[in-house]
Amino acid sequence: QQAATWPTEWTISERRVQLLRAHQAWERNPLAKQGVGLIRRFVVGQGLQISYSSPIVEEVLEAWRYEHRQHLERWEKQWFDQLLIDGELFLRVYSNGIPGEYADTRVVSVKPWLVEAIETEPEDRTALVSYWLVPEVGSGSPTDPLRITGTAAPVDAREIVHCSINALSYELRGRSELFAILPWLTAYKEWLENRARINRYLGVLYHLQAENAGPAQIAQIRSRFRKPLEPQS
């Protein structure tokens, strides 16, 4: 009798495989892409709306939002799509802020397949210590393309903003919204292809004439054409 295996969080290799499948579905399957777009339009709608209790905070943040409005409008959509497709969103915040002064802050999206592990306190899974990131180097130019190199190194958890969906309370990583429907998208695609073949060859008739053929040769021909011919053959 096989021992029961309790569900565990994906390893980094398993996660990369599932992320690749989710991205391929979103990029090439119209149902997956439309589903992500519909959820985003329903949730995000006209964009982020913020209410303020402090006039000073409102003045500072609204000035910053107005200055970066084009970026924010794009990020609101892209980050939401990314959350649905990847199941989680990692933002690394770089800041030279000094208490009592304005901070110069930059926010960079981190690819989830580069996050190898999340370290916590041994007795408290909610106390985050660091995120182990695999380095990606390069400027993206033809002479210096982006490439993954080296081994993962820890980054202070205070530098990372992490949002996840489809995770249980004892899990740290999320799962793609598309993960549950991937098998059904494949099945539907195969069904459509089969229907196209049936419709294409519905009126086709095969007429075969075998001269001086015995029972063995006739049985062989029948067996050969029992399966319909492939399209474009």
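A residue counts as buried when its relative accessible area is under 20%, as exposed when that area is over 50%, and as partly exposed in between, with a 1.4 Å probe and protein chains only. By this rule Gln 82 is buried, because its relative accessible area is 18%.

The structure is a predicted model, in which local features need pLDDT of at least 70 and side-chain atom pairs count only at pLDDT 80 or more, while totals for chains, interfaces and linings use all residues. Residues are numbered from 1 along each chain as its sequence is written, and side-chain values use heavy atoms, with hydrogens and water left out.

## Overall arrangement

Helices (H or I, at least four residues) and strands (E, at least two) are DSSP runs, numbered from the N terminus. The chain contains six helices and eight strands. Along the sequence these elements follow the pattern α-α-α-α-β-β-β-β-β-β-β-β-α-α. Of the 233 residues of the chain, 22% count as buried. A contact is defined by heavy atoms within 4.5 Å. Among the contacts in the chain with a separation of 6 or more, 52% are between residues 24 or more positions apart.

## Strand pairing

Two strands are taken to pair if DSSP finds at least two bridges between them. As background, strands of a sheet pair through backbone hydrogen bonds, either parallel or antiparallel. The pairings are listed below.

| Strand pair | Sense | Bridges |
|---|---|---|
| β1 (residues 88-95) and β8 (residues 160-164) | antiparallel | five bridges |
| β1 and β2 (residues 105-110) | antiparallel | six bridges |
| β3 and β4 (residues 124-133) | antiparallel | six bridges |
| β4 and β7 | antiparallel | four bridges |

One open sheet of three strands has the order β2-β1-β8, with antiparallel pairing. Strands β2 and β8 stand at its edges, and each has a single partner strand, so one side of each is left without a neighbour in the sheet. The twist in this sheet averages 20 degrees from one strand to the next, where axes are lines fitted to C-alpha atoms, for helices over the stretch in contact, and angles run from 0 to 180 degrees between N-to-C directions. Individual bridge partners illustrate the register: Leu 91 is paired with Val 161 in β8, and Val 93 stands opposite Val 107 in β2.

A further open sheet of three strands has the order β3-β4-β7, and its pairing is also antiparallel. Here β3 (115-121) and β7 (153-156) occupy the edges with a single partner strand each, so one side of each lacks a neighbour in the sheet. The twist averages 45 degrees from one strand to the next. Strands β3 and β4 form a hairpin with two residues between them. In β4, Asp 124 is the bridge partner of Glu 121, and Leu 128 is the bridge partner of Thr 120. On the β7 side, Leu 133 has Ala 153 as its bridge partner.

## Two helical residues

Gln 82, introduced above as buried, belongs to helix α4 (residues 69-86). Leaving aside neighbours within four places in sequence, Gln 82 is in contact with Gly 87, Glu 88, Leu 89, Ser 109 and Val 110.

Ile 221 is found in helix α6 (residues 215-224). This residue is partly exposed, because its relative accessible area is 31%. With neighbours within four places in sequence left aside, Ile 221 is in contact with Leu 208 and Ala 210. Ile 221 and Leu 208 are 13 residues apart in sequence, and their C-alpha atoms are 8.8 Å apart in space.

## Internal cavity

On a 1 Å grid over the protein atoms alone, a cavity is a set of points where a 1.4 Å probe fits but cannot get out, and lining residues have an atom within 4 Å of a point. Grid points are joined across faces, edges and corners, and a volume is the space filled by probe spheres set on the points. By this rule there is one cavity of 30 Å³ or more. The largest cavity has a volume of about 40 Å³.

Which residues line the largest cavity? They are Trp 10, Arg 15, Gln 18, Leu 19, Asp 86, Gly 174, Arg 175, Ser 176 and Phe 179. Helix α1 (residues 12-28) gives the most to this lining, with three residues. The lining residues divide into three nonpolar, three polar and three charged. In this classification Ala, Val, Leu, Ile, Met, Phe, Trp, Tyr, Cys and Pro count as nonpolar, Asp, Glu, Lys and Arg as charged, and the others, Gly among them, as polar.

Key:
On a 1 Å grid over the protein atoms alone, a cavity is a set of points where a 1.4 Å probe fits but cannot get out, and a pocket is an open set with protein on both sides within 12 Å along at least five of seven lines; lining residues have an atom within 4 Å of a point.
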